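User: Please take a close look at one part of this model, the helix packing around the main nonpolar core. I would like a connected account rather than a list.

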Amino acid sequence: MTAPVSRAGAANWNLPNTITVVRILMAPLFFWLLLADAGQNGPMRWWAAVIFIVAISTDWVDGWLARSRGLITDLGKILDPIADKLLTSGALVCLSILGDLPWWITIVIVVREVGITVWRLVELGRGTVVPASSGGKLKTLTQAIAIALFLAPLWTVVGDWIIWVNWAFMIAALVLTVWSGLLYVREAFRLAREHRGQAR
């Protein structure tokens with residue numbers, strides 16, 4: 001049977017997309033380990049942190065493979081942001097459940113992430129690809145670092161001073177999340193005007 005081919009001409013079930021699917025499948029194990037630790041900062045939390053770091057790092061790997069080998073597909077455009085948002089948003093929710101992160105921070109970030117992702121998927125359905133902005137890429141990197149620092153109980157090893165570093169990255173991630181979200185809102189209004197113009 002011939003593999004389905006996207007408009008980009010690459011088979012949907014290629015290596016980058018397989019890595020993305022593995023990233024999605026790692027999420028439930030990560031959530032379980034983190035919540036099962038119940039804030040005890042034991043081995044399960046360390047393993048949860050390791051799984052998150054490995055999983056979120058594969059985002060760069062599958063993106064590089066897709067671009068360098070011409071394996072960008074419509075399926076990948078859909079699965080990749082879902083995988084990223086599942087990991088980051090799920091991690092934030094779990095941290096708030098454990099009481100390590102205020103719920104208002106989680107809500108602001110998750111609402112922005114889900115809202116922008118849904119809008120980008122809608123635009124993709126209309127044939128418009130909304131690329132990640134430079135601010136969005138910086139936001140994603142900062143979020144990943146901030147969440148990883150919150151997950152790994154480094155304060156049990158190096159002392160409480162690391163908590164200040166954790167919060168510095170989390171505040172930076174929050175600011176970048178809101179700022180890049182506003183840039184996407186501006187782009188959404190621009191595209192909406194274009195769609196209205198084309199409909200006339």
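Analyst: What follows starts at the core, moves to a pair of packed helices, and then goes through the neighbouring parts.

The model is predicted. Its largest nonpolar core has 29 residues, and Phe30, Phe52, Leu87, Leu101, Leu151 and Met170 touch the most other members. The elements that each give two or more residues to this core are α1 (15-37), α2 (43-68), α3 (74-97), α4, α5 (134-151) and α7 (161-199).

Phe30 is a useful place to begin. Setting aside residues within four places in sequence, Phe30 is in contact with Ala48, Ile51, Phe52, Leu87, Ala91 and Leu151. Three of the core residues named above recur in that list, namely Phe52, Leu87 and Leu151. Phe30 and the adjacent Phe31 are both buried. There are four aromatic pairs in the structure. One of them joins Phe30 to Phe31, with 5.4 Å between the ring centres and 50° between the planes, a tilted arrangement. Together with Phe52, these two residues make up one aromatic cluster.

Phe30 and Phe31 also belong to the contact between α1 and α3. The axes of these two helices lie 9 Å apart and meet at an angle of about 10°. An angle under 35 degrees counts as roughly parallel, so α1 and α3 are roughly parallel to each other. On the α1 side, the residues in contact include Asn17, Val21, Ile24, Ala27, Leu34 and Leu35. The α3 side includes Leu75, Leu79, Ala83, Leu86, Leu87, Gly90, Ala91 and Cys94. Leu87 and Ala91 are also among the residues that touch Phe30.

Helix α3 has 24 residues, which should span 34 Å at 1.5 Å a residue; the end C-alpha atoms are 35 Å apart, in agreement with that figure. Just after α3, Gly99 has a positive phi of about 85°.

The loop between α1 and α2 contains Ala38 and Asn41. Neither is a glycine, yet Ala38 has a positive phi of about 55° and Asn41 one of about 60°. Ala38 counts as partly exposed because its relative accessibility is 46%, and Asn41 falls in that class at 23%.

Beyond this loop, Val50 lies in α2. Val50 is partly exposed, with a relative accessible area of 38%. The C-alpha atom of Val50 is 8.5 Å from that of Ala148, although 98 residues separate the two along the chain.

Helix α5 also holds Lys139. Is this lysine buried or exposed? Lys139 has a relative accessible area of 2%, and is therefore buried. Apart from residues up to four places away in sequence, Lys139 touches Lys85, Arg112, Glu113, Ala173, Leu176, Thr177 and Ser180.

Two of those partners, Arg112 and Glu113, are buried residues of α4. Other buried residues of α4 include Ile105, Ile109, Val110, Ile116, Trp119 and Leu124. Helix α4 (residues 103-125) has 23 residues and reaches 32 Å from first to last C-alpha, close to the expected 33 Å. Just after α4, Gly127 takes a positive phi of about 90°.

Terms used. Residues numbered from 1 in each chain as written. Predicted model: local features only at pLDDT ≥ 70, side-chain atom pairs only at ≥ 80, totals over all residues. Heavy atoms only, no water. Helix = DSSP H or I, 4+ residues; strand = E, 2+ residues; numbered from the N terminus. Expected span 1.5 Å × (residues − 1). Buried < 20%, exposed > 50% of the residue type's maximum accessible area, 1.4 Å probe, protein only. Core = buried A, V, L, I, M, F, W, Y, C linked by side-chain atoms within 4.5 Å. Contact = heavy atoms within 4.5 Å. Phe/Tyr/Trp six-rings, centres within 6.5 Å; stacked < 30°, edge-to-face > 60°. Axes fitted to C-alpha atoms, helices over the stretch in contact; angles between N-to-C directions. Parallel < 35°, antiparallel > 145°, perpendicular 65-115°, else oblique.
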